[in-house]
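Visitor: Hi! Could you walk me through this model, starting with how the chains meet?

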Amino acid sequence: MSELKIVGKSVPKVDAKIKVTGRAMYADDIHMPNALHGKIVRCMQYAHARVIKLDISRAQKMPGVVKILVPEDIEKYNTYNTGVMDLFAPDELNAVWGEIGEEPIFTKHVKHQGDALCGIIAKTEAEAEAAAEMVDVEYEPLPVYLTTEEASHPDAVQFTPEKPGNVAYRVPGGLFPEGFYGYGDIDKGFAESDLIYEEDYYVPKQKHCQMEPHSYIAQFDDQDRLNVWTSSQMPKPVQTKLHKLFGLPMSRIKVNQTVIGGGFGTRLGLIGEPYVCAMALAVPGRAIKLNYTREEDWVASETRHSGRFKLKMGFKKDGTPVVYDGYMSFEKGGYYTHGGVVWVSGILARGAYKFENFRFDGDAIFTNKVPCGAFRGYGNPQQALCMEQLIQRMCTDTGIDTIEWHKKWHREAGGDPWGFGVPTMNCGADEVLDRGVESFGWHEKKEINANQSGPKRRGTGMMLGVHCSAGFPVLLEHTVATVTLNEDATAIINCSISDLGCGNHTAITQIAAEALGFSMDDVFLNWGDSDANAFDIGAHASRTIWTAGRAVKEACEDAMKQVYAKAAKFLKVDPAELVMEDKKIFTKEAPDQIVDLKELLWKGIYAFMSPEDFQFKFDRGQIIGKASFMPFANNPGWYACFVEVEVDTETGELKVLECTYVNDIGQAINPAAVEGQLEGGIQQGLGFSLTEEMYYDENGLILNNSFTDYKMFGPTDMPKCDIQLVTTEEQYGPYGARGVGEAGLCAPGPAVGNAIFDAIGIQFNEAPFTPEKILKAIKGKGLFPDKRA
Amino acid sequence: MKTRDITLHINEEKYNLTVDANQTLLQVLRSIGSTGTKYGCGTGECGACTVLVNGKTSILACLTLAALADGMHITTIMGLEKDGELHPVQQAFIDRHAIQCGFCTPGMVMKTISILEENPNPTEDQIRHELEGNMCRCTGYEKIVDAVQHARDMMKGETR
Amino acid sequence: MSTRVLPDFEILVPQSKEEALKLLSQYQGDAAILAGGTDLLVQMKGQLKCNCKGENAFGYLLSLAEVPGLDYVEYDETEGLRIGAMATLSQVAAHPVVKENYPGLLESVGVCGTKQTRNMGTVVGNLLNASPCADCGCAILAWGGTLTLEGTAGRREVDVDDFYLGYRLTARKTDELAVELKLPPKSDGTVSAHHKMTRVEHDLSKITVSVRLEMSGTTCKSARIAMASVAPTIVRLKETEKLLAGVEITDQILESVAKSASSEVTPIDDVRSTAEYRRDVAGVMVKRIIQKVCKS
């Protein structure tokens, strides 16, 4: 490969200026003339109830009210689920796990606090809110199920007849020859193990807390087109889901993706789009704006899957990993949303280490909490938090060096299929571990912390992990990109790529500029326009660079192939001999025989015959490059995380002092952007293990639905982050890049858990690890209880 | 009174407005097109609505009643660029990759200006403490803290 | 559910203290007093029902914003520190005498809210809000002082010790305005400090301690200890204070002080912490803060 000119440089983000000047248009910043305002009336006092009576008579008389939509008004539409598994997994597979779409736009069976009952359309936001308060509802309260055990009781109220026993999802073990997801003989494995470790873990219900609350605009226009403005991270699947929900042809649905104020998975699939579109369809011609409150974000948009994980592992005395057996039972929340998170937990667990026997099973059970959906990491943070702590327990007990264990037993490149069932082409785990040990000062810190006294104790911990670069082959992977070469030798890329803030639009522009041999300024990416943009999945599964990056690269290469074909014909040379420098095309043999790219493109469009010979100088026609790219590989990135914590043994308070994070990203397209998204992931991963959890009272009402009581790490809480990018060879990703979007979040949790274990000799099986839990454990067991015994 | 006639000076432009008693400064700013100032939580926790009074004191527009802002001189994110030139703090945020989704950025930039107005030479620890109250979920604050230090140095005439 | 738009109300913007008092006597409990607004407006967005008056509904908001002469922070050696009703937390923090003589108060102001809310919110408002987890309220209770309440009937002074009657309940009558807080000057041996324990740096208090000790060498002549988030109001630990009166501060004394503090508090479980944890760490916090002030 020739030397890279733009890829690999930390160029400023293409959207930095519109964002730093406040001129970026998020959905709520768009003001449509004469717009009406929507407000969703939600059940706030019950987590499980039937609506006996919905009386809108008082609300209808309120000033400014235009229309109120009740469940009967939306019966003509289909029901749906918010997720995208119906599109991304084959029908046969969806049939196995029973993919359903049971959610109505407005419900008469309240399944969680915040469930939607009816919708107000009014002239102003204040009038809509005032009218919403005047809707009178009579309920029949139903028993509230907050745990999977309660909800799966035989006498429990059924959430939907389609899912007997309230089992929303079950890992499709029957698909596999062994009868379970995994391989080997589990019983034999345990019989052959010298050491058996098991633990029953709880993983918390974490909220995305993207800074932009959900906002939408929709308008059913006079050409019978449903236009919706949304900050969805999956605009094209949203278009398809709206088509299925409302029965409108896709040619009559336009999704305008606005600038996205953070996503992290919460904007994967549908959130408020069904409501705002139903409202728009009810008042044709008028634009409707629907703004969520911050509280609605907590009560009515999805969270990370929480639940219990029973994990049992067997090892030989020398640490050889013999058998892994896990059962994860997630709380699904009130609706099905999407199925696969629990299975993906197992896929990523399987991907990490060479256990001789492996079984992963699990389910997701309906509960009366806010539905769980996608959140950065998609099952990986949950399983890693448990597995890495149990491995550390074995290493500490046996005295096996934890770094050496990880080095010895991680999966490798080659024929060894990882969790997704495809072989990986490379593995940088050893380099990642070496770099981390050195940069963090692992051995030095161990030495310094060896003999501590006093109330404050320091400890260090690490983890190794692996995360996919895309959804292939379990999930659909597909991006279509076109590149239009303008007559002035600039380019417009059309691709529905989502940028949640991580810099995808910048990185894609870098890739395009590199592939075309243009400067960044000569390339513009047109996104968020479902009419102009062909299919793309959207941002999830760390996939954008892997798939969309290659789609754009191939579209650019297709365009350049057409350029070279035209130039070759003119120069009467083999196109393979042509090169381009500064938009001048020539062969190395005859560098003075030059075709000017701008002339070639200009005359392709403004093509006139020469009056001398009645010939055209170049072949006529505008060049448009295209790629409809579906990858056939999925090379994961390996990452390691090292943290040092200080535990106050008298108060249980914990401070994270340092965090070193290493990732074998391959070639970073924009290193500063990669660092930034990893640092952000670390903030979320620390929160996942230490402070973040949605709490419910016994009636299923959320206790901390505001930033006042849902606590995330702030600037003072954050440790100094040391991000190390290891550049290893990558044969498949565009310019050697692998996915990195989610890995940052998956890493800190287990490393923190292991650092606490190192500091005080106690492990915790319920996250987040709060001072309350830590102090209680110290008081109950004392420091290093196992060593004393 | 249910409404009040007020005069607001927003980014050095004078506005004579009739506002409702229950309207916040944030609602008024956004209704007259100053949409760079964001609603993130409405309850004073996230800082996305931060604006400056008299060019230096940071306040929350979501918890300020417009009716009581009569005569105030307000600077918003949209008033920082002068003659096509970005404010050094804005430039620092771009240069140091401190912007991801960008939703917190307007509040962060305004807050940074108020921090540096009060103390032109803050330490990293002081910056971190002062930035509390402006939430960011994308960056882990690392590159924001770096940008504030870069802005501090640029504004003192030093660059690192 | 919370709202994006504040519920309907009328705003009263008196231009003098006299006018404010007159309006207050006219509307009494139907008017909420608005100073910085950082607590009140949040409560209104979160709790009030639109147009139909719920428990916390107010028809009127009486703003002190345009009443002249309430935003002072003044000090003299006999009366001590005088803080006007509209003096912001930032103003108080910036006052040189506060930095010099009232370290406990200074620390409490520094951890109360964020830079923006400190620029908006008032110290007197923090007292009046009567939250059991109040930051400067706790430091003020530890220091001791008086609050001046003024109504159309006249002026009276209430000791901060007598100000809190119960959960969110104060001695202020509905027609009275709290116009000034007075904090007496320090003596030669006065030391004070404040420590707020939180879940993350910027947070409401999980449990807070403030102390003021009168020291003579290593002997404590008298002590005032206040805690927040351990009872329905911010409280003084009077039994624990007694253990410190007239004794030399030793490790042994501190152990009994810690034990006493843990048994004197009456915390509850809530979303921020547990009663058990608060009781456990109350003693540690009291012990540590005394160690800290004695060192300085």
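Guide: Happy to; we'll take the chain interfaces, then a sheet, then the domains. This is a predicted model, where local features need pLDDT of at least 70 and side-chain atom pairs count only at pLDDT 80 or more, while totals for chains, interfaces and linings use all residues. Residues are numbered from 1 along each chain as its sequence is written, chains are lettered from A and ligands numbered from 1 in the order in which they are written, and side-chain values use heavy atoms, with hydrogens and water left out.

Visitor: Cool. How many residues of chain B are in contact with chain A?

Guide: 40 residues of chain B touch 61 residues of chain A, with contact meaning heavy atoms within 4.5 Å.

Visitor: And how much area do chain B and chain A bury?

Guide: About 3,900 Å² between them, with 55% of it on carbon and sulfur atoms. Buried area here is the accessible area (1.4 Å probe) that two parts lose on being put together, summed over both. On the chain B side, B:His97, B:Gln100 and B:Arg137 lose the most area to chain A, together 22% of what that side buries.

Visitor: How many salt bridges are there across that interface of chain B and chain A?

Guide: The rule finds 10, taking a salt bridge as a side-chain nitrogen of Lys or Arg within 4 Å of a carboxyl oxygen of Asp or Glu. B:Glu81 forms one with A:Lys17, where the closest N and O atoms are 3.7 Å apart.

Visitor: Which helix of chain B gives the most to that side?

Guide: H4(B), with four residues. Helices (H or I, at least four residues) and strands (E, at least two) are DSSP runs, numbered from the N terminus. By class, the side of chain B that touches chain A has 19 nonpolar, 11 polar and 10 charged residues. In that scheme Ala, Val, Leu, Ile, Met, Phe, Trp, Tyr, Cys and Pro count as nonpolar, Asp, Glu, Lys and Arg as charged, and the others, Gly among them, as polar.

Visitor: OK, now chain C. What does the contact take from chain B and chain C?

Guide: 33 residues from chain B and 30 residues from chain C. The area buried between chain B and chain C is about 2,700 Å², and carbon and sulfur atoms give 57% of it. B:Met1, B:Asn22 and B:Leu63 supply 23% of the area that chain B buries against chain C, more than any other three residues.

Visitor: How many salt bridges between chain B and chain C?

Guide: Four. In one of them, B:Arg4 pairs with C:Glu66, the closest N and O atoms being 2.8 Å apart.

Visitor: Switching topic: what is the strand order in the open sheet of chain A?

Guide: S4-S2-S6, three strands with antiparallel pairing; two strands pair if DSSP finds at least two bridges between them. The edge strands are S4 (109–110) and S6 (136–141) of chain A, each pairing on one side only. Within S4(A), A:Val110 is the bridge partner of A:Ala49.

Visitor: Last one: how far apart are the centres of domain 2 and domain 3 of chain A?

Guide: 42 Å, taken over C-alpha atoms. Domain 2 covers 382–467 + 635–788 and domain 3 covers 478–629 of chain A, with bounds from an automatic or database domain assignment.

Visitor: Which residues in domain 2 of chain A lose the most area to domain 3?

Guide: A:Tyr732, A:Pro734 and A:Tyr735, together 44% of what that side buries. The area buried between domain 2 and domain 3 of chain A is about 1,400 Å², and the rule finds zero salt bridges across their interface.
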